[in-house]
Amino acid sequence: MRLLIMGPPGAGKGTQAVSLAERIGGAHISTGDIFRANVQQQSDLGREAQRFMDAGEYVPDEITNAMVRDRLGQDDAREAFILDGYPRTLDQVATLDGILNDLGSGLDGVVELVVDPEELIQRLLKRAETSGRADDTEDVIRHRQQVYTAETAPLVDVYGQRGLLMQIDGVGDVAEVATRIDDALPA
Ligand code: ADP
């Protein structure tokens, strides 16, 4: 099973993606996690990505696309994966189509977690108290929501037109949301 999980910052993508990866027996590929690990290691990639992330901007597509191509080519992603935080732009959608085509595979479904915008801001402000993430301040949080609405929300329609979209209510406890996702997955 090859899946994407989408949703605005704070929707709970990361939490759901980790357990979903286990249930489908596939790799959990979070572009945000990979960037943060690179920032911590002060790698070249990390140094390039950091200033965009700290400002709540997207890292440029050419950097992100190359990283994902490399990651999807690894063995543990061959049969099953869940991509978390990618694609986020229409250009990334086109690149992902090309990568999967080159690998001779394709997507089985796209999970969209749907959560009301004010609830999202409240969740992220709460997370900010403990996350230590430089992009978890109120101004940057609000900016990330705007970037999501402008750049990433349109992707939902693209996957809807392809008949891949599963829209899941993301409000409720973690186990409840997980059950909703499982019930919606293709057999
Ligand atoms: P959130 O979903 O809370 O915004 P993520 O952990 O998914 O957080 O991503 C954190 C940051 O990493 C983003 O704000 C962005 O700067 C960068 N990033 C992650 N994925 C992508 C992507 N697909 N394209 C561009 N930038 C990305």
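# Ligand, pocket and cavity

User: What makes the pairing of Arg36 with the ligand a polar contact?

Analyst: A polar side-chain atom of Arg36 lies 2.9 Å from an oxygen atom of the ligand. A polar contact is a pair of N or O atoms within 3.5 Å, so the Arg36 pair qualifies. Two other side chains pass the test: Thr31 has a polar atom 2.7 Å from a nitrogen atom of the ligand, and Arg144 has an N or O atom 2.8 Å from an oxygen atom of the ligand. The protein buries 96% of the 550 Å² that the ligand exposes when taken alone (Shrake-Rupley areas, 1.4 Å probe).

User: What should be known about the model itself?

Analyst: The model is predicted; local features need pLDDT of at least 70 and side-chain atom pairs 80 or more, while totals for chains, interfaces and linings use all residues. Residues are numbered from 1 along each chain as its sequence is written, and side-chain values use heavy atoms, without hydrogens and water.

User: Which residues come nearest to the ligand, and what kinds of residue make up the shell?

Analyst: Thr31, Arg36, Glu57, Gly85 and Arg144 come nearest, out of 18 residues around the ligand (a heavy atom within 4 Å). The shell divides into six nonpolar, five polar and seven charged residues; Asp, Glu, Lys and Arg count as charged, Ala, Val, Leu, Ile, Met, Phe, Trp, Tyr, Cys and Pro as nonpolar, and the others as polar. Helix H2, residues 31–41, gives the most to this shell, with four residues (helices are DSSP runs of H or I with at least four residues, strands runs of E with at least two).

User: How do you know where the ligand sits?

Analyst: The ligand sits in the largest pocket, because more than half of its atoms lie within 2 Å of the pocket's grid points. A pocket is an open set of points on a 1 Å grid over the protein atoms alone, with protein on both sides within 12 Å along at least five of seven lines. The volume of the largest pocket is about 920 Å³, the space filled by probe spheres set on the points, which are joined across faces, edges and corners. It has 41 lining residues, with Lys13, Arg88, Arg127, Arg133 and Arg144 closest to its centre. The lining divides into 13 nonpolar, 15 polar and 13 charged residues.

User: What makes a space a cavity, and how many are counted here?

Analyst: In a cavity a 1.4 Å probe fits but cannot get out. One cavity of 30 Å³ or more is counted. The largest cavity has a volume of about 80 Å³, and its lining residues (an atom within 4 Å of a point) include Ile5, Met6, Lys13, Tyr86, Pro87 and Tyr148. Strand E1 (2–6) and helix H7 (138–161) each give two or more residues to that lining.

User: Which peptide bond is cis, and where is Pro87 placed?

Analyst: The bond joining Tyr86 and Pro87 is cis, with omega about -5°. Pro87 is in the loop between strand E3 (81–84) and helix H5 (90–102).

Note on methods. Polar contact = N/O pair within 3.5 Å; in protein donor to acceptor, adjacent residues only side chain to side chain.
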